[in-house]
Amino acid sequence: MSTAIYTHPDCLRHEMGSWHPESPARLQAIDDQLILARLDGLIEQRSAPLADTADILRNHTPGMLALVRDHVPAVPGDYYPLDGDTSLCHDSYRAALRAAGAAVAATDAVIAGEIDNAFCSVRPPGHHATPTEPMGFCLFNNVAIAALHALEVHGLERVAIIDFDVHHGNGTADSFRNDPRVLMASFFQHPFYPYSDPEPITATSVNVPVPACSNGEAVRKLVQEHWLPALHAFKPQMIFVSAGFDGHRDDDMGGIGLVEADYAWITRQVMEVARQYANGRIVSCLEGGYALSALGRSVVAHLKVLAELE
C-alpha cells in the first residue's frame with residue numbers, strides 16, 4: 001500500500017502550558033519512534049497546508065470559527081482559556097488550520113489515487129469539538145471536516161468514521177447525528193469524560209461504551225460483534241479514523257488495557273472493510289495518546305499495517 005504522513009512544524013507551536021498532557025512532545029515522540037522503527041525513510045512525508053475557512057465552516061458555525069480565530073493571545077506565552085482543559089496560545093489558530101488542512105489534503109490525495117491511505121500526525125486533536133464549541137483539548141474537528149469534504153466536495157455518498165480513542169468522540173457524533181451519509185463506529189470508556197450519555201445503537205451510530213479495565217479481548221469482541229456487521233451493511237466509500245491511543249494500558253489518562261497489537265488488529269479490520277467497499281481509501285487523524293513512548297509505539301503499529309510493512 002502507498003501511505004503518506006501529513007504533518008507540519010506549526011502543529012508543534014500550539015501549547016497550553018508546560019503542565020498540559022496535550023503537548024508538542026506528543027508529535028516528537030511519534031517522530032522518534034518512526035526513526036527507531038526505521039519507518040521514516042519508508043513512508044512519504046507530506047507537508048500539511050492551511051485549511052481554508054470554507055473547510056472549517058462545513059462543520060463549524062461562524063461563531064465557533066471566530067471564537068478560535070479572534071481570541072488567540074497577541075503575546076507569546078499568554079493563554080486564552082476556552083474551558084478548564086483547553087486554551088489558546090499565540091500559535092493555536094494556525095496550528096488548528098494545519099491540523100484540519102492535513103485531513104483535507106489527505107482526503108484529496110487519497111480520492112485522487114495519489115496514495116492509498118494517510119496518517120495525519122497533527123495537533124490539536126479534534127473529536128471533542130462540536131459544531132458550535134471547542135472543548136476537551138480540541139479546537140476544530142479534523143475528521144468531521146475531512147468527512148464533509150469527501151461528501152460535499154468530492155461527491156461521495158457514504159463514509160464511515162472509526163474512533164478508537166478512550167474518550168467518546170462526542171463532537172463527531174454531534175456533527176453527524178442526523179446524517180444518513182455517515183456511519184460512526186467507536187468504543188469508549190464509560191462513565192468517563194466527556195460524560196455524555198451513550199447514544200442508541202442504530203444503522204449509522206455504533207458507539208459502544210465499555211467499562212474501565214476492559215482489555216484487548218473485550219474490544220476485539222465488540223469490533224467483531226458490533227462494528228463489522230454495521231460496516232459491511234453500510235458499505236462505506238471511504239473510511240476516516242479518529243486514532244486515539246490513550247486506551248493503551250500504559251496511559252493513565254484512561255483505564256482501558258490495550259497494547260500495540262490491539263491497535264494493529266483494529267487497523268487490519270478497518271483495512272479489510274476499506275478494500276472491499278472503498279478501494280482501500282483511509283485517512284487517519286491523531287486524537288489522544290499521552291504516555292509518550294506508548295503513543296509512539298502504537299502509531300508505529302498502526303502505520304505498519306496501513307503501509308503493509310508487516
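**Exercise 1. Two helices side by side**

Work out how helix 8 (residues 216–234) and helix 9 lie relative to each other, starting from their axes, which come within 11 Å and cross at roughly 10 degrees.

*Solution.* Before we start, keep in mind that this is a predicted model.

Step 1: Know what to look at. Two packed helices are described by the angle between their axes and the distance between the axes.

Step 2: Take the angle. Angles under 35 degrees count as roughly parallel. The crossing angle here is roughly 10 degrees, so helix 8 and helix 9 are roughly parallel to each other.

Step 3: List who meets whom. On the helix 8 side, the residues are Gly-216, Val-219, Arg-220, Val-223, Gln-224, Trp-227, Leu-228, Leu-231 and His-232. Across from them, helix 9 brings Ala-261, Asp-262, Trp-265, Ile-266, Gln-269, Val-273, Gln-276 and Tyr-277.

Step 4: Sort them by character. The contact of helix 8 with helix 9 has 10 nonpolar residues, five polar ones and two charged ones.

**Exercise 2. A pair of cysteines**

Decide whether Cys-120 and Cys-285 are bonded or not bonded through their sulfurs.

*Solution.*

Step 1: Recall the idea. A disulfide is a covalent bond between the sulfur atoms of two cysteines.

Step 2: Check the distance. From the sulfur of Cys-285 to the closest cysteine sulfur, in Cys-120, it's 4.0 Å, which is too far for a bond. The cut-off for a disulfide is 2.5 Å.

Step 3: Look at the whole structure. The search turns up zero disulfides, and Cys-120 is in none, with the sulfur of Cys-285 as its nearest cysteine sulfur.

Step 4: See where the two cysteines sit. Cys-120 counts as buried, at 0% relative accessibility. Cys-285 is buried too, with a relative accessible area of 0%.

**Exercise 3. The surroundings of Asp-246**

Find out where Asp-246 sits, whether Asp-246 is buried or exposed, and what its side chain reaches.

*Solution.*

Step 1: Place the residue. Asp-246 is in the loop between strand 9 (239–243) and helix 9.

Step 2: Check the accessibility. At 0%, Asp-246 counts as buried, because buried means under 20% relative accessible area.

Step 3: Look around. Leaving out residues up to four places away in sequence, Asp-246 touches ten others named here: Asp-165, Val-166, His-167, Asp-251, Met-253, Gly-254, Tyr-263, Gly-288, Gly-289 and Tyr-290.

Step 4: Pick out the polar partners. The Asp-246 side chain reaches the backbone nitrogen of Val-166 at 3.0 Å. It also makes a polar contact of 3.2 Å with the side chain of His-167.

Step 5: Compare sequence and space. Asp-246 and Ala-274 are 28 residues apart in sequence, and their C-alpha atoms are 24 Å apart.

**Exercise 4. Both ends of helix 7**

Describe the surroundings of Asn-170 and Ser-175, two residues of helix 7.

*Solution.*

Step 1: Start with Asn-170. Helix 7 covers residues 170–175, and Asn-170 counts as buried at 8% relative accessibility.

Step 2: List its contacts. Beyond its neighbours within four places in sequence, Asn-170 is in contact with His-127, His-128, Thr-130, Met-135, Pro-194 and Ser-196.

Step 3: Move on to Ser-175. With the same kind of neighbours set aside, Ser-175 is in contact with Asn-59, Pro-131 and Ala-144. The side chains of Ser-175 and Asn-59 are joined by a polar contact of 2.8 Å.

**Exercise 5. Backbone oddities**

Find which peptide bonds before Pro-124 and Pro-194 are cis or trans, and compare Phe-137 with Asn-279.

*Solution.*

Step 1: Take the prolines. The bond from Arg-123 to Pro-124 is cis, with omega near 5 degrees; Pro-124 is in the loop between strand 5 (117–120) and helix 6 (142–152). From Tyr-193 to Pro-194 the bond is cis as well, with omega near 10 degrees, and Pro-194 belongs to the loop between strand 7 (182–189) and strand 8 (205–210).

Step 2: Turn to phi. Phe-137, in the loop between strand 5 and helix 6, has a positive phi near 75 degrees without being a glycine. Asn-279 isn't a glycine either, yet its phi is positive at about 55 degrees.

Step 3: Compare accessibility. Phe-137 counts as buried at 11%, whereas Asn-279 is exposed with a relative accessible area of 65%.

Conventions. Residues numbered from 1 in each chain as written. Predicted model: local features only at pLDDT ≥ 70, side-chain atom pairs only at ≥ 80, totals over all residues. Heavy atoms only, no water. Buried < 20%, exposed > 50% of the residue type's maximum accessible area, 1.4 Å probe, protein only. Helix = DSSP H or I, 4+ residues; strand = E, 2+ residues; numbered from the N terminus. Contact = heavy atoms within 4.5 Å. Polar contact = N/O pair within 3.5 Å; in protein donor to acceptor, adjacent residues only side chain to side chain. Axes fitted to C-alpha atoms, helices over the stretch in contact; angles between N-to-C directions. Parallel < 35°, antiparallel > 145°, perpendicular 65-115°, else oblique. Nonpolar A, V, L, I, M, F, W, Y, C, P; charged D, E, K, R; others polar.
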